[in-house]
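Here is a short note for a colleague who has not yet looked at this entry. Please read the points with the structure open.

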Amino acid sequence: MLSGDRDEQGIEMRYRRNTILKWLLVGCAFCAVGFWASPYVAATRFAKAAASGDADAIVQRIDVPRLRMAFARQIVRAYPVDPVIASALDPAARYGANLVAVSYVDALIAEHLTSEAIVRLISAQPVQSVGSAASALNLPSMQRIGGAWDVFISSGFTGLVTFAVDVPAQPEGNYRLGFRLVDGTWKLASLGLPAGVLTRAVELLKQQSSASRLG
């Protein structure tokens, strides 16, 4: 009898362990699916908020410091540099110079690329009072992206916590919206700019820098 009781208890314990393991696997699967779907949902909601001009919703979905820094890095890479001077610098010096340049450019554009300016530009709202430099960047409107299906077929993960959406080709070139998981929320953290837009940004930077020195 005792042996039979032990066998039944063993079977019951194995059944419970298997049941718990099964539910854990089901829960992990649901979490994985939810995580996979979350940036698609976030990008769709962001596009809808921008298309409708919902400023509060847009600001909540933008990581302004990272977005500005992404602009600065692209502008620095596009800025013409004398190849002779560049080749004369060792890798560490080039890296340091690049960091200084990015910080300098970020400080210059911070005045124009405020939260209000980014919201107005992305949602294609009137750009009065946001500064000529900001309005001249000609950023893509979220109305160009389309609906949920358009977002789904033109986007994907670029890393564990990064996600990108390609805006349909525009006359000025191709844009890429980069989202990042920040504190449990997917936020717009970068915007890949076409070469023509970067060229205009470099010219605006030169004008701004000249005006600062003259001032």
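1. Start with phenylalanine 35, which lies in helix H1. This is a predicted model, and every value below was computed from it. Phenylalanine 35 counts as partly exposed because its relative accessibility is 33%.

2. Phe35 does not stand alone at the surface: together with Trp36, Trp149, Phe152, Ile153, Phe157 and Leu160 it makes a nonpolar surface patch of about 770 Å². Two elements, helix H1 (2–52) and helix H8 (148–153), give two or more residues to this patch. The largest share comes from H8, with three residues.

3. As for the whole fold, the protein chain contains nine helices and four strands. Read from the N terminus, the order of elements is α-α-α-α-α-α-α-α-β-β-β-β-α. The four strands thus follow one another in the order, with one helix after them.

4. Some totals for the chain may help. It has 215 residues, of which 35% count as buried. The exposed area is about 12,800 Å², and 61% of that area is supplied by carbon and sulfur atoms. Of the contacts between residues at least 6 apart in sequence, 59% join residues at least 24 apart.

5. In which sense do strands E3 and E4 pair, and over how many bridges? E3 (residues 173–182) and E4 (residues 185–192) are antiparallel, with seven bridges between them. One of the bridge pairs joins arginine 176 to glycine 192 in E4.

6. The link between these two strands is short enough to inspect residue by residue: E3 and E4 form a hairpin with two residues between them. Aspartate 183 sits in the turn and has a positive phi of about 50°. When viewing the strands, keep in mind that side chains in a regular strand alternate between the two faces of the sheet.

7. The cysteines deserve a separate check. Why is cysteine 28 not bonded to cysteine 31? Cysteine 31 holds the cysteine sulfur closest to that of cysteine 28, but the distance is 6.3 Å, which is too far for a bond. A disulfide would need the two sulfur atoms within 2.5 Å. Seen from cysteine 31, the closest cysteine sulfur is in cysteine 28, at 6.3 Å. The count of disulfides is zero.

8. Are these two cysteines buried or exposed? Cysteine 28 counts as exposed because its relative accessibility is 52%. Cysteine 31 also counts as exposed, at 58%. The cut-off for exposed is over 50%.

Terms used. Residues numbered from 1 in each chain as written. Predicted model: local features only at pLDDT ≥ 70, side-chain atom pairs only at ≥ 80, totals over all residues. Heavy atoms only, no water. Buried < 20%, exposed > 50% of the residue type's maximum accessible area, 1.4 Å probe, protein only. Contact = heavy atoms within 4.5 Å. Areas by Shrake-Rupley, 256 points an atom, 1.4 Å probe, with all protein chains shown as cover. Patch = residues over 30% accessible without salt bridge, like charges linked within 9 Å, V, L, I, M, F, W, Y side chains within 5 Å. Salt bridge = Lys/Arg side-chain N within 4 Å of Asp/Glu carboxyl O. Pairing = 2+ DSSP bridges.
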